[in-house]
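Me: Could you take one part of this model and examine it closely, setting it against the chain as a whole? I would like one connected answer, with the cut-offs behind each term.

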Amino acid sequence: MEMAKDNAMDHGDHDMGDGIGHATGTIRSVGSQGDFLTIEHGEFDGDIQMGAMTMGFDIMGEVDLSGFAEGDEVAFMVKQGRDGSYRIMAICNTAEEGADCLDGMMDP
């Protein structure tokens with residue numbers, strides 16, 4: 001999904017490595033094709049240095065968003081691509097699965 005220039009996120013102050021990070025947040029919208037989420041999230045932990053904000057995320061691989069809806073509280077892990085975009089690698093509903101639900105999905 002491309003964003004119009006007027007709506008593009010400025011990631012100039014973020015670490016642009018190809019790291020992995022995780023955060024918690026609230027889903028603000030689910031893409032019509034189930035392959036994109038807008039999440040209001042807190043500060044990231046891990047290799048990605050990013051503060052709290054609301055932004056859109058594509059997904060990686062076989063991530064299934066069919067069980068998620070606007071308003072869901074989630075924990076999620078993202079990988080930053082070479083193009084600077086952030087894609088969701090894993091996501092879980094913290095209200096249903098607990099605050100530490102992402103722990104079992106993360107590499108040791």
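Reply: Strands (E, at least two residues) and helices (H or I, at least four) are DSSP runs numbered from the N terminus, and by this reckoning asparagine 93 has its place in strand 6, which covers residues 86-93. The model is predicted, with local features requiring pLDDT of at least 70 and side-chain atom pairs pLDDT 80 or more, while totals for chains, interfaces and linings use all residues. Numbering runs from 1 along each chain as its sequence is written, and side-chain values use heavy atoms, leaving out hydrogens and water.

Asparagine 93 is buried (under 20% relative accessible area with a 1.4 Å probe and protein chains only; over 50% is exposed, and partly exposed lies in between), its own relative accessibility being 4%. The side chain of asparagine 93 has a polar atom 2.9 Å from the backbone nitrogen of alanine 95, and the backbone nitrogen of glutamate 96 lies 3.2 Å from a polar atom of that side chain; both are polar contacts (N or O atoms within 3.5 Å, where within protein one must be able to donate a hydrogen and the other to accept it, and residues adjacent in sequence count only through side-chain atoms on both sides). Once neighbours within four places in sequence are set aside, asparagine 93 is in contact (heavy atoms within 4.5 Å) with Phe68, Asp72, Glu73, Val74, Gly98 and Cys101.

For the setting of this site, the protein chain has 1 helix and 6 strands, arranged along the sequence as β-β-β-β-β-β-α. Of its 108 residues, 36% are buried; and of the contacts between residues at least 6 apart in sequence, 53% join residues at least 24 apart.

One part of the buried portion can be followed through its aromatic rings. The whole structure holds 2 aromatic pairs, a pair being rings of Phe, Tyr or Trp (its six-membered ring) with centres within 6.5 Å, called stacked if the planes are under 30 degrees apart, edge-to-face if over 60, and tilted otherwise. Phenylalanine 44 and phenylalanine 76 are edge-to-face, with 5.7 Å between centres and 90° between planes. Because phenylalanine 44 lies in the loop between strand 2 (36-41) and strand 3 (45-46) and phenylalanine 76 in strand 5 (residues 73-80), this pair ties together parts 32 residues apart in sequence. Phenylalanine 44 is buried at a relative accessible area of 3%, and phenylalanine 76 is buried at 0%. Phenylalanine 57 and phenylalanine 76 are likewise edge-to-face, at 5.2 Å centre to centre and 65° between the planes; that pair links strand 4 (residues 53-59), where phenylalanine 57 sits, with strand 5, across 19 residues. Phenylalanine 57 is buried at 0% relative accessibility, and Phe44, Phe57 and Phe76 together make one aromatic cluster.

Glycine 21, in strand 1 (residues 20-30), touches this cluster, since its contacts beyond four places in sequence include Phe44 and Phe76, as well as Asp45, Gly46, Asp47, Ile48, Met77 and Val78. Glycine 21 is itself buried, at 0% relative accessibility. Its C-alpha atom is 9.6 Å from that of tyrosine 86, although the two residues are 65 apart along the chain.
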